[in-house]
Each structure stands twice: as structure tokens, then as C-alpha cells.
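Please open the model in a viewer and follow the stops below in order. Each stop proposes a selection and then describes what is found there.

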Amino acid sequence: KLIPVEAGASAMLQEMTGDKSCPTEVVIGAELNPQSISHFSLLTSHSAEQKLFLTFKHELDVASYPILGSHVLGGKPVVPFALMTEWLGHGALHGNPGLVFHGLDDIQLLSGIKLDEGKKLIRLMAGKARKSGDVYEVNVEIRDGVKDNREVIHSRARAILTDRLAAPPAFEMPPDMVSQAYPRSIQEAYDKILFHGVELQGIRKIVSCSSRGMVAEVSAAPLPEKWMTQPLRSRWIADPLVLDSAFQMAILWCFEEKGLVCLPSYSAAFRQYRERFPSEGVTAVLEVTETTQHKMKGDFTFLDAQKAVLAKITGYEAVMNDSLFEAFKNRG
């Protein structure tokens, strides 16, 4: 419980008048008793165990990350959620050589990374790997500076690493998922609905679009050196163009079904069943599971040319908003 205002003011004055030998950290709480002190000790020791360490820091601008010139919202370059996902995977692998990236759980987009003043310094933080059954879990976060006396966290997740990738689940395309053609050309979709520049126009063909979801053929990302001047790795961990194209499918589905566009906000889980996505691209299947006035939820399945599952996103959430379309069309 919060302490009363008068007691708080008195405690503050007492600390301010103390001599230099006084402790530099004080914990005060109403009705603080031995039981709550013990609980506090447990919380602080758990927090210490989960301490995150810097794995890399990077100064972002369009000169060093030219791909950001193809992802402009409201006139400002914004880091794609798919690229942030790639960084989270890199942060987890950085301190765990020998393990393989298997996915992410509880992927939260807390604050978009916008290049308001032309540059942005970001830091990738990672915790120590914890064994959980057959896999290892690593807490990861993307942060930058301090705002209103609080550190800004842009995104966080729990990375899943493993010694050996699990076999992919079976997937059978529901017949009604491919029963209805998409009414627009790809060019019209990019010109009139989506905001993505040429480098991020990864949707090659929309096979179908219905109230159930969407099926599309999407391109693979080029090598990282094509998108940035100093890539963290010579090859992608996942495939940010495939993932971004999937999120574009969600935008198109929301526009056709709800008359609104959307942006990603959360994913419950991402699982990858191969170390590399195929260079020829994939088939992406969006199955919408729930919609409200301002949110859509769904799952993505990514298939190779033989229709085997490469990866899955479950519990994907995107926020729909009336004002987003104006930001989409303001590309600077």
C-alpha cells in the first residue's frame, strides 16, 4: 500500500537531513511487516536472477539502414516489427553458441522505434539461458534512452533456443480458405492500401481472401547486406520480409473485411522448424480467429514448395484504428 502523504513528506525530509553515512537506498511501505519484508527479499532476488545484459547497441538512421526508407509511417521511418523480431533472436543467440533459434514467446511491441530526429540509438538486452523441458528460454528486450525518468522498452519476448529443432506440425489447408479470389491486383493493394516501399513489397500473389483469412505467395528477403550497411549476421535468423509480408496480409484482410487498416501489437508465439527459410519464398496462410471493433487476432502458417510447415505464428494480434490510414498515406 502507498504510505500517507504526510508520512511520505516527513520521511523524505528525514532522509534529506541525514548525514553522508546514511544508506543511499530506502524502502518504505505502509503496514510493512516481517512477512512482506521476506516477500520483498524474494522478489528482489528473483529480479537479480533475471538481470539483462547488453548484447549490442546500434545507432539507426536511413543511411545505415536504407530499408527503413521503405517503411515510413506518418512521414517518419519506423523499424518494422519483423526486423525487431530478428534482433530479439540475435540477442538470444549471441551468448549461447551451439544452440539453435527455435522461436519466441510472448512477443510484445510496447513502443515503435521511430526516427523522429533522423537517428535513434537502440540497445539489445538479453538474460541468461534457463532450461525449460527440452528447450532453453532467454529473456530479451530492445531498449533505448530514458523518457520521463523511465527507461524506454520498445519490445520484449522470451526467446526459445534448442539443441535440435523439433519436427514441424502437420497442416492441411481448409478448403474454404482458397475458395474466394482477391478482388484487387497486387499493385493496387500497395498503391491504395499498404504503405510499404518497393524493398518491402514482398507479396507476389494473393491466392484467396475470405472472411476466414487469406492465402498468399510471398518473397524471401535478400541478404542482410542489401538492407543495412553493417549487418549483425551474414544471413537472417528467420526471414524479416516473409514475416513483414504476413503482417501486410493482415492489413489487407482488415481493410477488405472491416474497412480499417491495422498494425501489429503482439504475438503469443513464433516457432521455426528449419534453420533457414527457402530463398524461393513461401506460401503464407492467415487464419483469422477473432475480431473486435479495434483488434484482429489470428494465426499464420508458412509453407514451403512441398507444403511442409516451415514456421508458425500463433496468437497474433493487430490493432485497427481510424487514424492509421492517414499515417499510411503520409510517406514523407
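**Stop 1: a strand-to-strand pair**

Begin by selecting Glu317, which counts as buried at 14% relative accessibility. The model is a predicted one. Next add Lys297, the partner of Glu317 in a salt bridge whose closest N and O atoms are 4.0 Å apart. The two residues connect distant parts of the chain, since Lys297 belongs to strand β13 and Glu317 to strand β14, with their positions 20 residues apart in the numbering. Lys297 is partly exposed, with a relative accessible area of 26%.

**Stop 2: a loop-to-loop pair**

Now select Asp304 and Arg274. Their side chains meet in a salt bridge, at 2.4 Å from N to O. Asp304 is in the loop between β13 (295–303) and β14 (309–321), and Arg274 is in the loop between β11 and β12 (282–291), so the salt bridge ties together parts that are 30 residues apart in sequence. Which of the terms buried and partly exposed applies to Asp304, and which to Arg274? Asp304 is buried, with a relative accessible area of 5%, whereas Arg274 is partly exposed at 33% relative accessibility.

**Stop 3: a salt-bridge network**

Move on to Asp105 and Arg271, whose side chains form a salt bridge of 2.9 Å, N to O. This contact also links distant parts of the chain: Asp105 lies in strand β4 (residues 100–109) and Arg271 in strand β11 (residues 261–272), 166 residues apart. Asp105 is buried, its relative accessible area being 12%. Extend the selection to Arg130, Glu137 and Arg158; together with Asp105 and Arg271 they are joined into one network by salt bridges that share partners. In total, the structure holds 17 salt bridges.

**Stop 4: the largest pocket**

Select Leu73, Val78, Leu109, Gly112 and Leu263, which are the closest to the centre of the largest pocket among its 26 lining residues. The volume of this pocket is about 480 Å³. To see which elements contribute, highlight α3 (81–94), α5 (240–258), β11 and α6 (324–329), each of which supplies at least two residues of the lining. Which element gives the most to this lining? The answer is α5, with four residues. By residue class, the lining of the largest pocket comprises 15 nonpolar, seven polar and four charged residues.

**Stop 5: the enclosed cavities**

Rolling a probe the size of a water molecule over the atoms shows where empty space is left. For this model the count comes to three cavities of 30 Å³ or more. To display the lining of the largest cavity, select Leu83, Glu86, Trp87, His90, Pro224, Met228, Pro231, Leu232, Arg233, Arg235, Trp236 and Ile237. About 90 Å³ of space lies within this cavity. Its lining divides into eight nonpolar residues, one polar and three charged.

**Stop 6: a nonpolar surface patch**

Finally, turn to the surface and select Met12, Leu13 and Met16. These residues form a nonpolar patch, with about 350 Å² of accessible area together. Met12 is located in helix α1 (residues 5–16). With a relative accessible area of 49%, Met12 is partly exposed, because the term exposed is reserved for values over 50%.

Methods:
Residues numbered from 1 in each chain as written. Predicted model: local features only at pLDDT ≥ 70, side-chain atom pairs only at ≥ 80, totals over all residues. Heavy atoms only, no water. Patch = residues over 30% accessible without salt bridge, like charges linked within 9 Å, V, L, I, M, F, W, Y side chains within 5 Å. Areas by Shrake-Rupley, 256 points an atom, 1.4 Å probe, with all protein chains shown as cover. Buried < 20%, exposed > 50% of the residue type's maximum accessible area, 1.4 Å probe, protein only. 1 Å grid on protein atoms, 1.4 Å probe; cavity = no way out; pocket = protein on both sides within 12 Å on 5 of 7 lines; lining within 4 Å. Points joined across faces, edges and corners; volume = space filled by probe spheres on them. Nonpolar A, V, L, I, M, F, W, Y, C, P; charged D, E, K, R; others polar.
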